[in-house]
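Thank you all for coming; I would like to walk you through one structure today, beginning with its pocket and then turning to the ligand. Please have a look at the sequence and the model before I start.

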Amino acid sequence: MARTRRPLIAGNWKMNGLKADAFALAKDLAAGVKQAGWSDRELLVCPPATLVAAIAEAAGGSGLLVGGQNCHAKASGAHTGDVSAEMLKDAGATHVIVGHSERRADCGETDSIVRAKAEAAWRAGLVPIVCIGETLSEREAGDTLSVLETQLKGSVPPGATAANLVVAYEPVWAIGTGKTPTVDEVSAAHAHIRKVLGGLTGDAAGVRLLYGGSVKGSNAAELLAAGDVDGALVGGASLHAAEFLAIAKAA
Ligand code: PGA
């Protein structure tokens, strides 16, 4: 099959970033993206909600995209402390991460909650990046592929297309640990994800599948070359402009 999926390199800043440092990082990234003039790949940063609007403004015109890290399923209302997909869109976001394993663990987000958030993203005109991934004990028990299948079927709403969905495979044990699966393990997971997506959308061949978990400049080329990998979701290394741009370059 011809490879028509444009790589997406997404940075998840998590709960990091005060104005001064965040602006400096966004400015360096925007300059790097502009200078590289990439039309064959996309770069996205997902700052904390407090900074989405300002970073979107700072990135304006450079080609650097901005997204949220989470959204509520509802558009508005009595949900103290939450942010809706519509608010992220209004702030300049194009994407939103949903179902990150830290939110599944910290906030008890289930597959059906994640699915409602993905639908909220669509309602607002955002592309959800739906995260799935196995824990270490699930991998050791040999359950990785079935766990991914269950999460995918539960988290991806009907109506997914190549244009409105990105899936990120992030083994929980690889996040922030410096450990990564082998290239073969990544390929096997991604091949299975694409196969399961085939039952959920007629467009499975075009949906971008990102790998996430301890991606850095030095391992990006290898991980991004794994079968069915169309980009990366990057945590720690996305907080350093040179490192994040090196990952983008490797795509
Ligand atoms: P990491 O995080 O790159 O720091 O491992 C990835 C993620 O949680 O998205």
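**The pocket and the ligand**

Lining the largest pocket are 23 residues, and Lys14, Met15, Gln69, Asn70 and Arg103 are those that lie nearest its centre. A pocket here is an open set of points, on a 1 Å grid over the protein atoms alone, where a 1.4 Å probe fits and protein lies on both sides within 12 Å along at least five of seven lines, and lining residues have an atom within 4 Å of a point. This is a predicted model, in which local features need pLDDT of at least 70 and side-chain atom pairs count only at pLDDT 80 or more, while totals for chains, interfaces and linings use all residues. Residues are numbered from 1 along each chain as its sequence is written, and side-chain values use heavy atoms, with hydrogens and water left out.

The lining of the largest pocket divides into nine nonpolar, nine polar and five charged residues, where Ala, Val, Leu, Ile, Met, Phe, Trp, Tyr, Cys and Pro count as nonpolar, Asp, Glu, Lys and Arg as charged, and the others, Gly among them, as polar.

Which residues come nearest to the ligand? Of the 13 around it, with a heavy atom within 4 Å, they are Lys14, His100, Glu170, Gly176 and Ser214. By the same classes, this shell holds four nonpolar, seven polar and two charged residues.

As for polar contacts, meaning pairs of N or O atoms within 3.5 Å, a ligand oxygen atom lies 2.7 Å from a side-chain N or O atom of His100, and a ligand oxygen atom is 2.8 Å from a polar backbone atom of Gly236.

Note on methods:
Polar contact = N/O pair within 3.5 Å; in protein donor to acceptor, adjacent residues only side chain to side chain.
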